[in-house]
Amino acid sequence: MVKKLKFCAVVGVVGLLLVGTKGSSRAESARTVDVTPTVTTGSATGSEPYRLKLHHLHTGESIDVVYRIGDTYIPEAMAKLNHFLRDHRTQDVSSYDPKEFDLLHSLLAKLGRANSEIDVVCGYRTPWSNNFLRTRSAVTGVAQHSQHMLAKAIDIRVPGVATAKLRDAALALHGGGVGYYPVSQFVHVDVGPVRQWSFAGAGE
């Protein structure tokens, strides 16, 4: 009976924890009211909230959302994140591997910037969009079988964090692939096989 009551408490606050996607400037995003969870938080209770703040550089949209509480992923939040990370060229939406969001969350914790906003350079890509990027020039740094097409990769920046430092923190997690793009100043992070690479040209 106690477990049921705790589950109901968590579900009951899901609506309060979600802050929707919106096309806005950084200044407008900063004015978004942050809703604090009303459940008791902390790993001891199994109800620790996992929050992400993202800003998409291509769409101009921002999202601030609790996507997981304890070991439970919140379906409504996942749907918002999937839409936010849609292919910005075709508007197609895919279903992201939840471990990718956990990787971003762990990366911010590793950097000591748990409440920072992440700039998204590229999220999901359709096969068409991936091929378009690959064929723009002779050398593009875009993989033919990119993890972006599997909704397992995101190219990111963290304002105030040097690209090399972001890369090093991502590598230290051993959570998947890490690509370093110093010219375009972003880091690719995915939850595919553990590997690393650098690309000296201009990326996405």
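At what angle do the axes of helix H5 (residues 98-111) and helix H7 (residues 163-173) cross, and within what distance do they come? In this predicted model, the two axes cross at roughly 115° and come within 9 Å. The crossing of H5 past H7 is right-handed. On the H5 side, the contact involves Leu-103, Ser-106, Leu-107, Lys-110 and Leu-111, while H7 contributes Lys-165, Leu-166, Ala-169, Ala-170, Ala-172 and Leu-173. Classified by residue type, this contact comprises eight nonpolar, one polar and two charged residues.

The setting of this helix pair is a protein chain with seven helices and nine strands. Of its 204 residues, 45% count as buried. Among contacts between residues at least 6 apart in sequence, 58% join residues at least 24 apart.

Within H7, the buried residues are Thr-163, Leu-166, Ala-169 and Ala-170. Viewed down the axis of H7, these residues fall within an arc of 125°, and they therefore line one face of the helix. The buried residues of H7 pack against H5 and also against three strands, namely S6 (153-157), S7 (177-181) and S8 (186-190). Leu-166, Ala-169 and Ala-170 are buried in H7 and also take part in the contact with H5. Just after H7, His-174 adopts a positive phi of about 55°.

Positive phi values also occur in loops. Most residues other than glycine have a negative phi. Ala-151, in the loop between helix H6 (127-134) and S6, nevertheless has a positive phi near 55°. Gln-185, which is likewise not a glycine, has a positive phi of about 60° and is placed in the loop between S7 and S8. The two loop residues can also be described by their accessibility. Ala-151 has a relative accessible area of 0% and is therefore buried, whereas Gln-185, with a relative accessible area of 46%, is partly exposed.

A charged residue was examined in strand S2 (residues 49-56), where Arg-51 is located. The relative accessible area of Arg-51 is 16%, which is under the 20% limit, so Arg-51 counts as buried. The side chain of Arg-51 makes a polar contact with the side chain of Asp-64, at 2.7 Å.

Key. Residues numbered from 1 in each chain as written. Predicted model: local features only at pLDDT ≥ 70, side-chain atom pairs only at ≥ 80, totals over all residues. Heavy atoms only, no water. Axes fitted to C-alpha atoms, helices over the stretch in contact; angles between N-to-C directions. Helix = DSSP H or I, 4+ residues; strand = E, 2+ residues; numbered from the N terminus. Left-handed = near helix turned anticlockwise from the far one by under 90°. Contact = heavy atoms within 4.5 Å. Nonpolar A, V, L, I, M, F, W, Y, C, P; charged D, E, K, R; others polar. Buried < 20%, exposed > 50% of the residue type's maximum accessible area, 1.4 Å probe, protein only. Polar contact = N/O pair within 3.5 Å; in protein donor to acceptor, adjacent residues only side chain to side chain. Arc of directions from axis to C-beta.
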